[in-house]
Amino acid sequence: MELRRAGGTGLNLSRLGLGTMTWGRDTDEHEAADQARAYLDAGGNFIDTAAVYGSGDSEKVIGGLVGSLFKREEVVIATKGGIQFIDGVRTVNTSRGAMLAELDASLKRLGTDYVDLWQVHTWDENTPLDDTLSALESAYQSGRARYVGISNYYGWQTARAVTKQELRAPIATTQNEYSLLNREIENEILPCATELNVGLLAWSPLGRGVLTGKYRNGVPSDSRGASPHFAGFVEPYLDERSARIVEAVQVAADGLGYSPLEVALAWVRDAIGVTSAIVGARTGAQLRGILRSEEISLPAIVRQALDEVSC
């Protein structure tokens, strides 16, 4: 699998990252190991998680694989801090104290003394940005985080954070949603990341699963859209506009002899400015299907047609 450098840093990431949002909850440790094995066998090196995924269980599962399935130094492990669910309520706290405490807890769950990439999970309107960034600097200077990044920031927030950090702990990456169903980052975030030489990590490149075509005739009972944890996450893309784009992807896939998943993922993976597209699956079989997209590239005329239908 092709490795790409994250912005102006020395961090090299495979162009497909392995997302682990379901690990420890919908994906048990056996399925997770199967996924990790398939991903590593395909040449991937980048596993992305967060402290909030499965209330820390995702990190615990990854920690169980370190040393047994892969050597620590062979894999880029990225995690995030700043979001918690307290009594079922989503809480954002990116203050220095809260972030560093979360990092210590993440390292313990992961069974390592450092992460390759530590990211602020989201913007916190109640915490001064300098306080948040001081946590990144502390982790970076202490070696607990080899590189640092941000996630889900708007364009002006990205520019401000990256500029402030230039001489302290440089921002290596920004992680944002990007797919044929959601191209909002093209307005400000992608140009900002390109201009400031920051790597772009695209999450949910399959439009929260909708671009696979599985929701064309309703919500399957075994899908994320039917899950109590993720139904609200999928629902915004079950509208008429999304349906038109899904049909266009299906037409392109039929014409090329690919699956809709392969077409949608290749579109994001090869977009200008994207360092890595982060994919997730509930099972190893699903992930192996996703990894087949590595074998294809989209003809320019197909890419242009998808650009036009999804703009």
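Biologist: Where in the chain of this predicted model does T283 lie?
Modeller: Let's look at what comes before and after T283 in this predicted model. On one side is strand β12 and on the other is helix α10, and T283 sits in the loop between β12 and α10.

Biologist: Is T283 buried, partly exposed or exposed?
Modeller: Good thing to check! Buried means under 20% relative accessible area and exposed means over 50%. T283 has 22% relative accessibility, so T283 counts as partly exposed.

Biologist: Which residues does T283 touch, not counting those up to four places away in sequence?
Modeller: Here the fold brings together parts of the chain that are apart in sequence. The C-alpha atoms of T283 and Q35 are separated by 6.6 Å, although the two residues are 248 apart along the chain. Leaving out residues up to four places away in sequence, T283 touches E31 and Q35.

Biologist: Which elements do the buried residues of α10 pack against?
Modeller: Helix α10 covers residues 284-291, and its buried residues are G284, L287, G289, I290 and L291. These buried residues pack against β3 (16-19), α1 (29-41), α9 (260-269) and β12 (274-279).

Biologist: Is T112 buried or exposed?
Modeller: T112 is another loop residue, placed between α3 (96-110) and β8 (115-120). Setting aside neighbours within four places in sequence, T112 is in contact with R72 and L107. Its relative accessible area is 13%, and the limit for buried is under 20%, so T112 is buried.

Biologist: What is phi of S55, and why does its sign catch the eye?
Modeller: Most residues other than glycine have a negative phi. S55 is not a glycine, and it lies in the loop between β4 (46-48) and α2 (57-65). S55 is exposed, with a relative accessible area of 64%. Its phi is positive, at about 55 degrees.

Biologist: And R208, is that residue buried or exposed?
Modeller: R208 also has a positive phi, near 60 degrees, in a residue other than glycine. Its place is in the loop between β11 (199-203) and α7 (231-234). With 15% relative accessibility, R208 counts as buried.

Biologist: How many disulfides are there?
Modeller: A disulfide is a covalent bond between the sulfur atoms of two cysteines. Among the cysteines, C192 counts as buried at 11% relative accessibility, while C311 counts as exposed at 74%. Sulfur atoms must lie within 2.5 Å to be paired, and the count of disulfides comes to zero.

Biologist: How many of the residues lining the second largest pocket are charged?
Modeller: Rolling a probe the size of a water molecule over the atoms shows where empty space is left. The second largest pocket holds about 410 Å³ of space. It is lined by 17 residues, with N152, Y154, N176, E184 and I189 nearest its centre. The lining has seven nonpolar residues and six polar ones, and the number of charged residues is four.

Biologist: What is the radius of gyration of the protein chain?
Modeller: The protein chain has eleven helices and twelve strands, and its C-alpha atoms fill a box of roughly 55 × 40 × 40 Å along the principal axes. Buried residues make up 55% of its 311 residues. A compact globule with 311 residues would have a radius of gyration near 19 Å, and the protein chain agrees with that, at 19 Å.

Biologist: What share of contacts between residues at least 6 apart in sequence join residues at least 24 apart?
Modeller: T283 gave us a taste of this, as it touches E31 and Q35. Across the protein chain, among contacts between residues at least 6 apart, the share joining residues at least 24 apart is 76%.

Terms used: Residues are numbered from 1 along each chain as its sequence is written. This is a predicted model: local features need pLDDT of at least 70, side-chain atom pairs count only at pLDDT 80 or more; totals for chains, interfaces and linings use all residues. Side-chain values use heavy atoms; hydrogens and water are left out. On a 1 Å grid over the protein atoms alone, a cavity is a set of points where a 1.4 Å probe fits but cannot get out, and a pocket is an open set with protein on both sides within 12 Å along at least five of seven lines; lining residues have an atom within 4 Å of a point. Grid points are joined across faces, edges and corners, and a volume is the space filled by probe spheres set on the points. Ala, Val, Leu, Ile, Met, Phe, Trp, Tyr, Cys and Pro count as nonpolar, Asp, Glu, Lys and Arg as charged, and the others, Gly among them, as polar. Buried means under 20% relative accessible area, exposed over 50%, partly exposed in between (1.4 Å probe, protein chains only). Helices (H or I, at least four residues) and strands (E, at least two) are DSSP runs, numbered from the N terminus. The radius of gyration is taken over C-alpha atoms; the globule rule is 2.2 Å times the number of residues to the power 0.38. Contact means heavy atoms within 4.5 Å.
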